[in-house]
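Please look over the structure shown here with two topics in mind, the pairing of strands and the packing of helices.

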Amino acid sequence: MPTVSDLIQLGSRNDRPKRPEPADLQLKFSDKAVAQLDSLRGHYPEEKACVLPGLWIAQREYDGTLSPEAIAEVAHRLNRSFAEVEGVATFYSMYNTGHAPGKHVIEVCTCLSCHMCGAYRVADSLKEKLGIEFGETTEDGLFTLHEVECLNACDRAPLIQVGDEYIGPVTEADVDKLLTDLKSRPERSSVQISDEIVKVHLQADEA
Ligand code: FES
């Protein structure tokens, strides 16, 4: 007889990334990253508001993934607790807090509107053709597949996101062509996307 936690797959404290001890913290931000974070501090009335752009800088500086060390550095530099910054980083699907992502990150929205319009049929087709489950990357490193909450474009349901591009509505009949098209596209890496978003945040300084 399955337990409740079997059925709803509750996480455990052991699933959480291990926080580095403060004494082991090694700061990795480049001079450019430190200057950008300092500049961004001036955009907001308090440092707490700088956590989101700080995480984009960290995602760029830490090769596209927010490791516990990257999260700890943001927390240290913005005088926040590790738990607070980790909570923000793991809440938003735009940040990579798991393993290093593949060349193309496909995110399938399965919230209500997308669910009603067939998101799980699209997801099942992607899983079958890629041979992976949500949260996994194909062996060739080309594709990572994630399930995400509402992407705030429900009028395009069922919607998927690839990198920073919304694609929808999609059906399972579109999956083959989508994967073929993506294979021929140049990579827009997580580092590139993060850097572009940092620049957008900094634009107010240049105006
Ligand atoms: S429910 Fe999918 S974008 Fe809103």
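Two strands are taken to pair if DSSP finds at least two bridges between them. With that criterion in hand, the notes below describe a predicted model, beginning with strand E1 (residues 104-109) and going on to the helices H4 and H5.

**Strand E1 and its partners**

- Six of the six residues of E1 are buried, so this strand is largely enclosed by the rest of the structure.
- His104, Ile106 and Val108 point one way from E1, while Val105, Glu107 and Cys109 point the other way, and the residues of both sets are buried.
- E1 runs parallel to strand E3 (residues 143-148), to which six bridges join it, and within this pairing Thr144 of E3 is the bridge partner of Val105.
- With strand E4 (residues 160-162), E1 pairs in the antiparallel sense over three bridges, and here the bridge partner of Glu107 is Gln161 of E4.

**Helices H4 and H5**

- Two packed helices are described by the angle between their axes together with the distance between the axes.
- For helix H4 (residues 68-77) and helix H5 (residues 82-91), the packing angle is about 120° and the axes lie 9 Å apart.
- Angles of 65 to 115 degrees count as roughly perpendicular and those over 145 as roughly antiparallel; H4 and H5 are therefore oblique to each other.
- The crossing in which H4 passes H5 is right-handed, and the contact is made by Ile71, Ala72, Val74 and Ala75 on the H4 side and by Phe82, Val85, Glu86 and Ala89 on the H5 side.
- By character, the residues of this contact between H4 and H5 comprise seven nonpolar, no polar and one charged.

Key: Residues are numbered from 1 along each chain as its sequence is written. This is a predicted model: local features need pLDDT of at least 70, side-chain atom pairs count only at pLDDT 80 or more; totals for chains, interfaces and linings use all residues. A residue is buried if 20 or more other C-beta atoms lie within 10 Å of its own, exposed if 12 or fewer, and partly exposed in between; C-beta atoms are placed from the backbone. Helices (H or I, at least four residues) and strands (E, at least two) are DSSP runs, numbered from the N terminus. Axes are lines fitted to C-alpha atoms, for helices over the stretch in contact, and angles run from 0 to 180 degrees between N-to-C directions. Angles under 35 degrees count as roughly parallel, over 145 as roughly antiparallel, 65 to 115 as roughly perpendicular and the rest as oblique. A crossing is left-handed if the near helix is turned anticlockwise from the far one by less than a right angle, and right-handed if clockwise. Two residues are in contact if their C-beta atoms, placed from the backbone, lie within 7 Å. Ala, Val, Leu, Ile, Met, Phe, Trp, Tyr, Cys and Pro count as nonpolar, Asp, Glu, Lys and Arg as charged, and the others, Gly among them, as polar.
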